[in-house]
Amino acid sequence: MSPHEADSIVPFEVLYGSHHGWLNGWLRRSVGCSQQAADLAQDTFVRLLVRNQPITARAPRALLARIARGLVIDHWRRDALERAYLEALAQLPEASHPSPEVRHEALQCLERIAQMLEGLKPAVREAFLLYQLGGLTHAQVAAQLGLSSRTVERHVANALLHCYRLCFETPT
């Protein structure tokens, strides 16, 4: 491919027609489910449309794979969250199980929280979760993680600030 061809713009329809089958097969091998692969392939192309940037002929499969890989990771994270949530629900008496609508909202909320905490260092995230969701005191978290109480306080404060910024500050 000449340098000029590599920088040429590829119409979306051409990219879709040329690479959808490949991407679908790649995703099917990755997730092991043809329906989920089809959904993820469509989501990948939707992400490209939403980007609203020209697509060059330079490594289109690499671009598609990078976007799809992020979607697969999101899929696995959601799946793990859902399994953990359902396991926690199984521990509750049947009478206190929430309605399907409430379960759906709770899973969406948990997914949003997981996305927000994803940008934190593992030690900060763990301290925050133990303190906020585990109901432990700073001292108890410190003892469990082998940190000082002051470090745990700093970790929790950093995590709260991180979440606040994601929720309320507009990107510049």
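Ala59 is partly exposed, with a relative accessible area of 44%; partly exposed covers what falls between buried (under 20% relative accessible area) and exposed (over 50%), using a 1.4 Å probe and protein chains only. Ala59 sits in the loop between α3 and α4. Helices here are DSSP runs of H or I with at least four residues, strands are runs of E with at least two, and numbering goes from the N terminus. Though not a glycine, Ala59 has a positive phi of about 50°. Most residues other than glycine have a negative phi.

A word on the model. It is predicted, so local features need pLDDT of at least 70 and side-chain atom pairs count only at pLDDT 80 or more, while totals for chains, interfaces and linings use all residues. Residues are numbered from 1 along each chain as its sequence is written, and side-chain values use heavy atoms, with hydrogens and water left out.

Now the two halves. The chain splits into domain 1 (12-91) and domain 2 (100-169), with bounds that come from an automatic or database domain assignment. Their C-alpha centres lie 28 Å apart. Seven residues from domain 1 and eight residues from domain 2 make the contact, where contact means heavy atoms within 4.5 Å. About 720 Å² is buried between domain 1 and domain 2, and carbon and sulfur atoms give 70% of that. Buried area is the accessible area (1.4 Å probe) that two parts lose on being put together, summed over both. On the domain 1 side, Arg77, Leu81 and Tyr85 supply 70% of the area buried against domain 2, more than any other three residues.

UniProt, in an unreviewed entry, annotates two stretches as domains, tabulated here with their spans. Positions follow the numbering used here, feature names are shortened, and the annotations may be inferred rather than shown by experiment.

| UniProt annotation | Residues | End C-alpha distance | Helix | Strand |
|---|---|---|---|---|
| RNA polymerase sigma-70 region | 15-79 | 30 Å | 85% | 0% |
| RNA polymerase sigma factor 70 region 4 type | 111-163 | 14 Å | 77% | 0% |

On to the packing. The largest nonpolar core has 18 residues, and those with the most contacts inside it are Leu15, Leu23, Leu27, Leu40, Phe45, Leu48 and Leu64. A nonpolar core is a set of buried Ala, Val, Leu, Ile, Met, Phe, Trp, Tyr and Cys residues joined through side-chain atoms within 4.5 Å. Helices α2, α3 (34-51) and α4 (60-90) each supply at least two residues of this core, and α4 gives the largest share, six residues. Another core lies apart from it, with 13 residues, among them Leu117, Leu120, Val156 and Ala159.

Leu64 touches Leu15, His19, Trp22, Leu23, Thr44, Phe45 and Leu48, leaving aside residues up to four places away in sequence. His19 belongs to helix α2 (residues 12-31) and is buried, at 13% relative accessible area. With the same sequence neighbours left out, His19 touches Phe45, Pro60, Arg61 and Leu64.

Last, the cysteines. Taking a disulfide as a pair of cysteine sulfur atoms within 2.5 Å, the count comes to zero. For Cys109, the nearest cysteine sulfur is that of Cys167, 10.0 Å away; Cys109 is partly exposed at 43% relative accessible area. Cys167 is in no disulfide either, and the nearest cysteine sulfur to it, that of Cys163, is 6.6 Å away. Cys167 counts as partly exposed, at 42% relative accessibility.
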